[in-house]
Amino acid sequence: MQIRAYLVAIDGISAEAVWRAARGFISGKVRDHNRAFAPSSASFAEECRNQQAVMAAQSRPRLEPEPETQKPKVAAYKMQLLSAAANGSRSAKRELARMFPDNPIIARAARDAQEAAG
């Protein structure tokens, strides 16, 4: 009867997944399993399903990362202005607002700096 319970529990699972699960239990590599006892049919079936999911994940084609494209470097003076603006320089914020009039974040920071000054 116990063997029949195992067979019912693993119905529809590939033989490779069953073999991997059995090997895991025999070698003591299955977490949360008391090695002094045989696994229940439900625990064995759960481990079989886990192994089948691992096998499916391993068989999926891997996506190749897109090649990195060279992006234009930011001019050093712009980085200095950004640093100065981050440190509270009002003139740097105004200069950035002139350089990037369409950027709402920079425009708001420049406007806040003018209001604070004035």
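This tour moves through two helices and a pair of alanines.

The model is predicted, so local features need pLDDT of at least 70, side-chain atom pairs count only at pLDDT 80 or more, and totals for chains, interfaces and linings use all residues. Residues are numbered from 1 along each chain as its sequence is written, and side-chain values use heavy atoms, without hydrogens and water.

**Stop 1: helix H2.** Select residues 15-27. Helices here are DSSP runs (H or I, at least four residues), numbered from the N terminus. The expected span is 1.5 Å times one less than the number of residues. For the 13 residues of H2 that gives 18 Å, and the end C-alpha atoms are 18 Å apart, which agrees.

**Stop 2: the two faces of H2.** Color Ala17, Val18, Ala21, Gly24 and Phe25: these are the buried residues of H2. Buried means under 20% relative accessible area, exposed over 50%, partly exposed in between (1.4 Å probe, protein chains only). The buried residues cover an arc of only 125° around the axis, so they sit on the same side of H2. That arc is taken from the directions from the helix axis to the C-beta atoms. Now turn to the face away from the buried side: exposed Ala15 and Ile26 are there.

**Stop 3: Gly28.** This residue follows H2. Its phi is positive, near 80°.

**Stop 4: helix H3.** Select 41-59; this helix is part of what covers the buried residues of H2. Go to Ser59, in H3. Ser59 counts as exposed because its relative accessibility is 58%. Its side chain reaches the backbone oxygen of Ala56 at 2.9 Å.

**Stop 5: Ala53.** Ala53 also lies in H3. At 45% relative accessibility, Ala53 counts as partly exposed. Finally, add Ala116: Ala53 and Ala116 are 63 residues apart in sequence and 60 Å apart in space, C-alpha to C-alpha.

Key:
Helix = DSSP H or I, 4+ residues; strand = E, 2+ residues; numbered from the N terminus. Contact = heavy atoms within 4.5 Å. Polar contact = N/O pair within 3.5 Å; in protein donor to acceptor, adjacent residues only side chain to side chain.
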